[in-house]
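Student: I should like to learn how to read the features of a protein model. May we go through one together?

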Amino acid sequence: MTRRLLLLAALAACGGGGGDADCALPGDGPGVDPDGELCERLSSYRLFEDLAAQRPAEGLIPYDVATPLFSDYTTKLRFVWLPPGTTMTWHDTDAFALPVGAVVVKTFGYLHDRRDPSLGLRLLETRLLVRGTDSWRGVSYVYDEDGADARRAIAGAFVDASWIHDDGAERTNHYAVPNQNQCKNCHAAHDDTLDVLGPKARLLNRPGPEGSGVANQLQTLIDRGALAGAPPPASWPRGVAVMDPASGTLEERARAWLDVSCGHCHNARGGAARTSGLYLDLAQTDLHELGLCKAPVAAGRGSGGRRFGIVPGQPDASILVFRIESTEADVKMPELGRNLVDAEGVALIRQWIAQLPGSCP
Amino acid sequence: MTRAALLLILLGACSDDPCEGVEGTCIALSAGASTEQVQTALIQVPPGGTIAFGAGEFPFEVDLSLDVDGVTIRGAGQNETILSFARQATGAQGMLVTANNFTIHDLAFENTRGDALKILGADGVTIRHVRVEWLEGPRPTNGAYGLYPVQCAHVLIEDSVVEGASDAGIYVGQSTDIIVRNNRASRNVAGIEIENSSRADVHGNTATQNTGGILVFNLPDLQVANGAGTRVFDNQIFENNTENFAPAGNIVGKVPTGTGIALLAAHDVEIFGNTIRDHLSANLGIISYTPIGAFSDMSYDQYPTTIHAHDNTFSGTSDRATGPLGALLISAIGELSPNGPFIVPDITWDGVVNPADVGVAGKRICIHDNGDADFMNLAWPLNDAMKPARDLAPHACNHPALPPVDL
């Protein structure tokens, strides 16, 4: 049989299941092989004691971030696995350096009713970022209908889902699971290689997930020997929660939203800034490069007929607002990872632009 | 006829294996292949491998992506293998390539939502016999760019066809060492555009029925700035009079309807052997960024320098010019010929020079041996101190020929 036929046969066999035991490292706890084959089924890695309930195996550390990226109103559960005896290494602004063998795990799901989380979560997918010897690899697993296990989705997938929204109305989404190449679209903050985005000091400086009993995640990571090189707590960057006015000024919260929503591509080493010259990460201090009175370069229809990225005082004249309010494939920003509008985030950016002083020529 | 020959004929006639004749690993995708099969092939193809599409239409609702070096994507012909994105719901382009030594040939992209084929940061790009088309003709809702290598090196685009892009049909941006030859670009806003790029040969192309035929631009605020060294030669550039349909806010929206060749803040450009005719606003326009707008990029050189236009054939007359830049031309013509006749010159220059470059021979705009082509210096901003002029004598000069691009 030629290689080509083999590949097609493998395609046809996708979802066949079974015979997946050898892909994981031997043992009882989590066993993701950092450089080996990736498993077809998520359960094979033994990352969870109870996969359907998302109860992590011992050593898989749950964490939360101060400002999450909007992902179509999904609820996201985050975990990190560090091989025994290894640690993450502190960085003031970038993501922490993770050791070979580390696995960052993120599960996406819809609360059945956002007004009452106790009614449970419909699981959609779990994404893994695996730190190999040379580089990171990304892979996603899409849950079976019953949520008991998830299968590898190399080429991505769509999942139709519905939930009861904050206002009590039913909402639906043709939820998109990214393909393997698309991991790089967001997780390429550093040149051309994959990297993690969430484990940053400013995002982790907050209490742990509900029910974890963790008062401060950074302190707990240090205490359990999982984080090295941290400076004294007084110098930790504050975790700005964009939807909590108590956590920062309007400016700080707007910049935190732009940083998390856009900054992974729109930064000096990111993909998007290569064609747009627009830099939206927190490190950006030049307001023109942040879009203030900046004409678009390659926006196409994304300009919406507006002249500048940000027009101070005029959200309705700002291309930035046009694009974050759009759901059209070639207009919307971020490009990937959302079909729906982040209404709360848009309101925050509108409020911020509305009070910016000055005008454009 | 021998038996062996018969067999060969049968094989040739009956084989529908898209991989036939391909050396090395080849993944065949026949009509009816699912999006999942196609994208999985694009992920699992080994470096140096081939993905071969058969004849037929392949509809996609999502964009495709390739991140494996050395891959060839091939089809059965630009009218036989059609990647159709008419029902595309997600993805800012039809296909995104982020891998080196990429080759694509003999297939078509139709009706992508955004850009058709975007290639980002690749060293080694070959595009041959590819068709990109938005089937409903020029519309602002069409995707921006057709064939779109950006921040690439060693780029060859040949024998391809692009129609309907709402920005540029063939656009090479922030790249180096480029050959764009023997293509046909029509009914786009810009037919072919070389932007912020260095060492490009654009020749043997036909650009017609666009808003502007061939553009060589340098823009501010991009990571790769001040491109230099473009030769535009032996092209047929005519009747690019399609009303500018770029969505508002885009720089290409400023190209006056009816422009043959436009140079914007371009450096080291040699234009020769072209046939350029029948444009409403200008057969050749040379302008600085100064009338366009403000910018904050301190490294940006906003003035066109070392331009050499010679031995081209210009023809056709026009009695109107369009858009804000056309309006500048109209007022300059009115200033010189208040009682008419109103005749649009073949070659228009905005007249803006970097004060530091005045009198520097090596940076001049040289125009000679273009038959009876007429000329206008707009003398922007056209005030009491600056008077427009039709005299070509100040541009009777030469620059050394630019070297050919060697890939």
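Student: Why does the radius of gyration of chain A agree with that of a compact globule?

Tutor: This is a predicted model, in which local features need pLDDT of at least 70, side-chain atom pairs count only at pLDDT 80 or more, and totals for chains, interfaces and linings use all residues. Residues are numbered from 1 along each chain as its sequence is written, chains are lettered from A and ligands numbered from 1 in the order in which they are written, and side-chain values use heavy atoms, without hydrogens and water. The radius of gyration is taken over C-alpha atoms, and the globule rule is 2.2 Å times the number of residues to the power 0.38. For 361 residues the rule gives a value near 21 Å, and chain A has 21 Å, so the two agree. The C-alpha trace of chain A spans about 65 × 50 × 45 Å along its principal axes.

Student: How many residues of chain A, as a percentage, are buried?

Tutor: Buried means under 20% relative accessible area (1.4 Å probe, protein chains only). In chain A, 54% of the 361 residues are buried.

Student: What share of the contacts in chain A with a separation of 6 or more joins residues 24 or more positions apart?

Tutor: A contact means heavy atoms within 4.5 Å. Such residue pairs account for 51% of those contacts in chain A.

Student: Which elements does chain A contain, and how many of each?

Tutor: Helices (H or I, at least four residues) and strands (E, at least two) are DSSP runs, numbered from the N terminus. Chain A has eight helices and 12 strands.

Key. Buried < 20%, exposed > 50% of the residue type's maximum accessible area, 1.4 Å probe, protein only.
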